Amino acid sequence: MDIINILPDSVANQIAAGEVVDRPASAVKELLENAMDAGATQIDLVLKDAGRTLIQVVDNGCGMSDGDARLCFERHATSKIHQADDLFAIRTMGFRGEALASIAAIAQVELRSRLHDSELGTAVVVEGSRIVSQQPAACPPGTSMAVKNLFYNVPARRNFLKKDSVELSHIEEVFRRITLIHHDLGFSLTHNGRLTYDLKAGSMLQRICQLFADSYKERLFSVEESTDILRIKGFVGKPEYARKSRGEQYLFVNGRYIKHPALSTAIERAYDGMLPDRAVPSYFVSLQVDPSRIDINIHPNKTEVRFVDEHALFAILRSAVKKALGQFTIGAELSFDTPPEFNIGPAPKGYIPQEPKISYDPSYNPFRATPAQTKLDLRGASGSEGPSSSGSTKRLFDADTDTPDTLDTLPPVETKAQCLQLQGRYIVTGLASGLAVIDQHRAHERILFDRLNTSADLRPSASQTLLFPVNCQFSPADADLFAELTPDLRNYGFAIEPLGQCTFVVSATPADFKEGELQTCFDQMIADYKGATMQRFNNRSQSLCASLARQMAVKPGQPLSQEEMQQLVADLFACPMAETSPSGKRIITIVKPEEILR
Ligand code: ADP
Ligand code: MG
């Protein structure tokens, strides 16, 4: 008995469709690409329920004739290539004639299209690959493709869709990848009746600012390089804005978003030695290469590419970014303080350190002490400035005889011991149990975490009102997230009110907060929140609190005065968990007296 049968077209189309369209975002990508291939200058994307109910793309491109408006839904129907050789000179986004056939197999599609020189357009309705109707229609020149009820006839796929917020974030990512590189076209995105993006044609930097936030102007610097085999144009992030989570990293080749781990590494390598641990820079980099030097056999739906000259591209890209960074940092040295180098020198012979005097300095408040704590201003022999005095070195080695306590029983305020700052990152101070080397950033993180974590009513004067309220801006997607977080933030002493869709006004912050860092702090907080990097905490407000403490804490490399260090040490030892930071990292290392002797 014969057991082979030929699948009916409808079934074959549905199966094939799964390769092209696996979720609303992939249909969005195909429709946007078609609109661009049609030469549109304005493209509007309208969504309902994250694309589940409706994905509509309206363009002002060339439009289609009556015949083409029917034909375009056939498999292998394309106007973009005629013979296999054309593949080597492909300049359009699509060329396989598969997208519309696939979409039509798994949705109800309504197409309205009009050629620019026709009086009247045409309206076609297709359902599950079947043309249901076609009629003349009055419509503007260009094409509107409305895809309704995606996967209506493929329940298995429909059931695999994630919740709306997830599907929408996939669509938004597709939208960003396309609109970033096609900044010379106008785009809009409307979801459930709300206009989320309205992007005017402009430069790439303008587009980045429209998509993310205006502040990106200050966070990026431009990279440009032109060689025989590669042209580079784009923007890379200043090192100080690098984040711990892989966020805004966009690489384009010949106008397409691609993923290419080696080229991404090339960009990141250019930052060697400039970024804190595990931080990654943002970048928006567009490469132009001779299309014949790219392996075209790679699936057009995938974002992977292979290059003939990969090694050369790697080297050129890395040095171009390095060069740009170099120019940027030379400029930066003129305008930013660099932490003073610190070398431990021996104390001058016969040097006798002066006893510290206690005085109160009301204007000084780098680490806000709760009112219960007394502010001690211990001006030692080295004066209040800086670590580089040899006097404090001498003092340091005397210190352990002054402080007969062990680490465990150390009283909360042991501010008498002099502190030294080492490499701008560590505070070295003497304890009876040895020499304590304290990571200044982690220590402060712990202190702030504990303070923020104290419930608001037990935290007096937790908030400081800003003289001038500060506006913080987010991308529409981030703004939604931020709105979710504001109740928690208010708990920590922020006064935040929404102002329009993507802007929030901050009029008060926790008392320890440096207001200049609001935007950066919130951005990082959102990135942390998205990346769920803080899963070790059992609830959201704990992880938020940890993220906030990390942002607010003194940075490695920040010079600290003697008082600041002493206050930090005192506050740290007042914390029940002084030895580990909120993210579980070690704060203190003790070098034992025996080890010092040795
Ligand atoms: P491909 O893009 O690979 O050619 P598609 O299935 O995406 O295949 O589209 C089939 C054809 O339909 C295209 O080649 C093009 O001629 C036509 N088409 C699709 N979308 C549009 C549009 N928005 N405007 C004009 N023509 C379009
Ligand atoms: Mg296409």
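The exercises below work through a predicted model of one protein and its ligand, each with a stepwise solution.

Because this is a prediction, local features need pLDDT of at least 70 and side-chain atom pairs count only at pLDDT 80 or more, while totals for chains, interfaces and linings use all residues. Residues are numbered from 1 along each chain as its sequence is written, chains are lettered from A and ligands numbered from 1 in the order in which they are written, and side-chain values use heavy atoms, with hydrogens and water left out.

**Exercise 1. The protein as a whole**

Task: Determine how many helices and strands the protein has, and what share of its residues count as buried.

Solution: Begin with the secondary structure, which comes to 17 helices and 22 strands; these are DSSP runs numbered from the N terminus, a helix being H or I with at least four residues and a strand being E with at least two. Next take burial, where buried means under 20% relative accessible area, exposed over 50%, and partly exposed in between, with a 1.4 Å probe and protein chains only. By that rule, 47% of the 598 residues are buried. Then consider contacts, meaning heavy atoms within 4.5 Å: of those with a separation of 6 or more, 70% are between residues 24 or more positions apart. Finally, the protein exposes about 29,200 Å², of which carbon and sulfur atoms supply 53%; accessible areas come from the Shrake-Rupley method with a 1.4 Å probe, and for residues only the protein chains shown count as cover.

**Exercise 2. The surroundings of ligand 1**

Task: Describe which residues come nearest to ligand 1, and how much of the ligand the protein buries.

Solution: First list the shell, in which a residue is near if one of its heavy atoms lies within 4 Å. There are 19 residues around ligand 1, and Asn-34, Thr-78, Ser-79, Lys-80 and Gly-97 come nearest. Helices α2 (24-37) and α4 (99-105) each supply at least two residues of this shell. Sorted by character, the shell holds eight nonpolar, seven polar and four charged residues, where Ala, Val, Leu, Ile, Met, Phe, Trp, Tyr, Cys and Pro count as nonpolar, Asp, Glu, Lys and Arg as charged, and the others, Gly among them, as polar.

Now look at individual atom pairs. An oxygen atom of ligand 1 lies 2.6 Å from a polar side-chain atom of Thr-78, and an oxygen atom of the ligand is 2.5 Å from a side-chain N or O atom of Ser-79. For Thr-143, a side-chain N or O atom is 3.2 Å from a nitrogen atom of ligand 1. Taken alone, ligand 1 exposes 530 Å², and the protein buries 92% of that.

**Exercise 3. Two residues with positive phi**

Task: Locate Phe-151 and Asn-192, and decide whether each is buried or partly exposed.

Solution: Start from the general expectation that most residues other than glycine have a negative phi. Phe-151 has a positive phi, near 65°, and is placed in the loop between β6 (142-148) and α5 (155-160). Its relative accessibility is 0%, so Phe-151 counts as buried. Asn-192 likewise has a positive phi, near 45°, and sits in the loop between β7 (186-191) and β8 (194-199). Asn-192 is partly exposed, because its relative accessible area is 45%.

**Exercise 4. Helix α12 and strand β2**

Task: Work out which residues Glu-445 is in contact with, and find the side-chain partners of Gln-440 and Gln-56.

Solution: Take Glu-445 first, which belongs to helix α12 (residues 440-453) and is buried at 3% relative accessible area. Setting aside neighbours within four places in sequence, Glu-445 is in contact with Ala-549, Arg-550, Ala-553, Ser-581, Pro-582 and Ser-583.

Move to Gln-440, also in helix α12 and buried at 0%. Its side chain makes a polar contact of 2.7 Å with the side chain of Gln-421, a polar contact being a pair of N or O atoms within 3.5 Å; within protein, one must be able to donate a hydrogen and the other to accept it, and residues adjacent in sequence count only if both atoms are side-chain atoms.

Last comes Gln-56, in strand β2 (residues 54-59), which is partly exposed at 21%. A polar contact of 3.0 Å joins its side chain to that of Ser-144.
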